[in-house]
Amino acid sequence: MARQDSAVLVSNTNATTPKIVPAASSPSPNNNSTTNNSSINNNNNSSNNTSTNIKKTVVTVESQFTRHNEKEERGKALRQVVVAFIANLATVNTGLIFGFSAVAIPQLEASDSVIKIDEYQASWIASLSSASTPIGCILSGYVMDRFGRKKTLLFTEIPLIIGWLFIACASDVRYIYAGRVLCGLGSGMVGAPVRVYTSEVTQPHLRGMLTALGNVGISVGVLFQYTLGAFISWNWLAAFSVLIPVVAFTLMIGMPESPNYLVTHSKPDAAYKSLAKLRGSNYNLGREIDQLQAFANKSKTKEKETWRDLVRALLSPSALKPFGILFVYFMSYQFSGVNTVTFYAVEIFRDSGTPWDKNTATLVLGIVRLIFTIIACVALRRCGRRPLSFISFIGCGVTMVGLGIYMREKLKWDELGIEPVNSWIPVTCLFLFQACCALGFLVVPWVMIGELYPMKVRGIYGGLTTCSAHLCVFIVVKTYPFLSHVIEKHGCFILYGCISLSATIFIYFFLPETKGKSLQDIEDYFSGRMSKQSFKGKKSGISTVASINNSKPIIVEKDKLLP
């Protein structure tokens, strides 16, 4: 019999001719020593072997082809990292605001304080920033879509600078109130724009990690206040805090606008220049611009819309579904006691009965928060959103219940005049709580603000989401002193723990995994253009060889013409 060789035809989008990958050839029959029957059997066996070898070859070629093209499609990572880092400097301000009350309130309550405050005034100092933050969140959504991501990030620094100056120069508690309101307004305006901007200027393989830089910035700000607050007075602490928004404003001036925003506002030339700064000259800029324009046309974001169109987009399932998921996520994690611990850290350590110095313990807590937030940024890229969320909800729930049970026992010991034992338990619970919190709560939902919403309403819903999140912060922080009198402090912590554990059920059933998914795929999933099974199996970057041509690999015989 004549010998036949098989091969696999693989389409190469970067080449003008098809590429032939030979498969294992069939063993040639020995005409001198075998009969016709054995030749037929050998040919049958060789056909099966060839089929198996073809499958293996296709898988190998597909894998190599995919990895090669994914690398080619990645722009300069350093440029994206630098731009994301500068944009996320603005989030350090949020950490400064969170950490300030924890160290300032005990100083203001001291007998030798220049401005003497009581518990009622202390609760307002802690919570007023969260009261004005929702207003900033709503404003940022409109401003971000109307004037652009970059201009919004510049504008947000102005109330922050003025607010910190008010606090630094305060001679009365009312000036501190005013400063906290202005700082909260600026903090609210930062939340959504910085995450949307970061998610739009970075590529999928970097997006999760770099979007999480905002949460690292918050942790840095908290640690900054905890550290300096142990050595300097509250007014000097506010004076040092002014430097952060000034530096962020100065550096942001030189950053490019989001290419997504420019494309959807019919500015392709400006988008091309912006993308060149973000990806480098060797990157295929035209291809990504074409993709952005094609998706903008598909989503009809380039058309001039009426208010009716906007309302229809806001009420569409592709917008309401992610908003419902993130609203429950934020509400659950805020009522897990996260910001109660952040805002009242010094007091909680004092009341827990630990022999540690309360300022030292608070400082270590800030270090734990920063370290595990950085770990979360790396883990987000490797593990995904769902596993980290489960760690937070379960871990924070268990540690809060454990802290509450210990403090309930301590209350009994105090009534009986017994010295507390095992004083390491509350400290361990608080440190583990902070670690679990940083791994998921402080990263995942904030990253998903820039991922889940459709491009058409991403700014508005991003603002509404951060608005609802900070409303929850205000409620939790403001009600903690009240609840600590009604159900005692141990009751507060047990309540927080139960809420966290209960929310795990919701997260299990409704939170999608967006790791490695492009923003277009996520929008298609929520709009119903992509099934759940397709979304789970979809990966960013180049598709497999077969999917590029929308056809199966072609098997041809040697010396035969290609179809």
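This passage describes the internal cavities of a predicted model and the packing of several of its helices.

The structure contains 2 cavities of 30 Å³ or more. The largest cavity has a volume of about 160 Å³. It is lined by 19 residues, of which Thr94, Phe98, Ile218, Tyr333 and Trp446 are the closest to its centre. Six helices are named here because each gives two or more residues to this lining: α3 (90-109), α6 (173-201), α8 (213-229), α15 (317-334), α16 (338-343) and α22 (458-486). Among these, α6 gives the most to the lining of the largest cavity, with 4 residues. By class, the lining of the largest cavity is made up of 9 nonpolar, 8 polar and 2 charged residues. Residues of this lining come from both domain 1 (75-255) and domain 2 (306-536), and the largest cavity therefore lies between the two domains.

The second largest cavity has a volume of about 100 Å³. Its lining consists of 11 residues, and the closest to the centre are Asn260, Leu292, Phe295, Met455 and Gln520. Two or more residues of this lining are given by each of α11 (259-264), α13 (285-299) and α24 (519-527). The lining of the second largest cavity divides into 6 nonpolar, 4 polar and 1 charged residues.

Two of the helices that line the largest cavity, α6 and α8, also appear in the helix pairs described next. Helix α5 (residues 149-168) packs with α6 at an angle of about 160°, and the axes of the two helices are 7 Å apart. Angles over 145 degrees count as roughly antiparallel, so α5 is roughly antiparallel to α6. The crossing in which α5 passes α6 is left-handed. Sorted by class, the contact of α5 with α6 has 20 nonpolar, 6 polar and 3 charged residues.

The second pair is formed by α8 and helix α18 (residues 358-383), whose axes come within 9 Å and cross at roughly 165°. By the same cut-off of 145 degrees, α8 and α18 are therefore roughly antiparallel to each other. The crossing of α8 past α18 is left-handed.

Helix α18 also takes part in a third pair, with helix α20 (residues 424-439). The axes of α18 and α20 come within 8 Å and cross at roughly 30°. Angles under 35 degrees count as roughly parallel, so α18 is roughly parallel to α20. In this pair, α18 passes α20 in a right-handed crossing. Helix α18 is thus roughly antiparallel to α8 and roughly parallel to α20.

Methods:
Residues are numbered from 1 along each chain as its sequence is written. This is a predicted model: local features need pLDDT of at least 70, side-chain atom pairs count only at pLDDT 80 or more; totals for chains, interfaces and linings use all residues. Side-chain values use heavy atoms; hydrogens and water are left out. On a 1 Å grid over the protein atoms alone, a cavity is a set of points where a 1.4 Å probe fits but cannot get out, and a pocket is an open set with protein on both sides within 12 Å along at least five of seven lines; lining residues have an atom within 4 Å of a point. Grid points are joined across faces, edges and corners, and a volume is the space filled by probe spheres set on the points. Ala, Val, Leu, Ile, Met, Phe, Trp, Tyr, Cys and Pro count as nonpolar, Asp, Glu, Lys and Arg as charged, and the others, Gly among them, as polar. Domain bounds come from an automatic or database domain assignment. Axes are lines fitted to C-alpha atoms, for helices over the stretch in contact, and angles run from 0 to 180 degrees between N-to-C directions. Angles under 35 degrees count as roughly parallel, over 145 as roughly antiparallel, 65 to 115 as roughly perpendicular and the rest as oblique. A crossing is left-handed if the near helix is turned anticlockwise from the far one by less than a right angle, and right-handed if clockwise.
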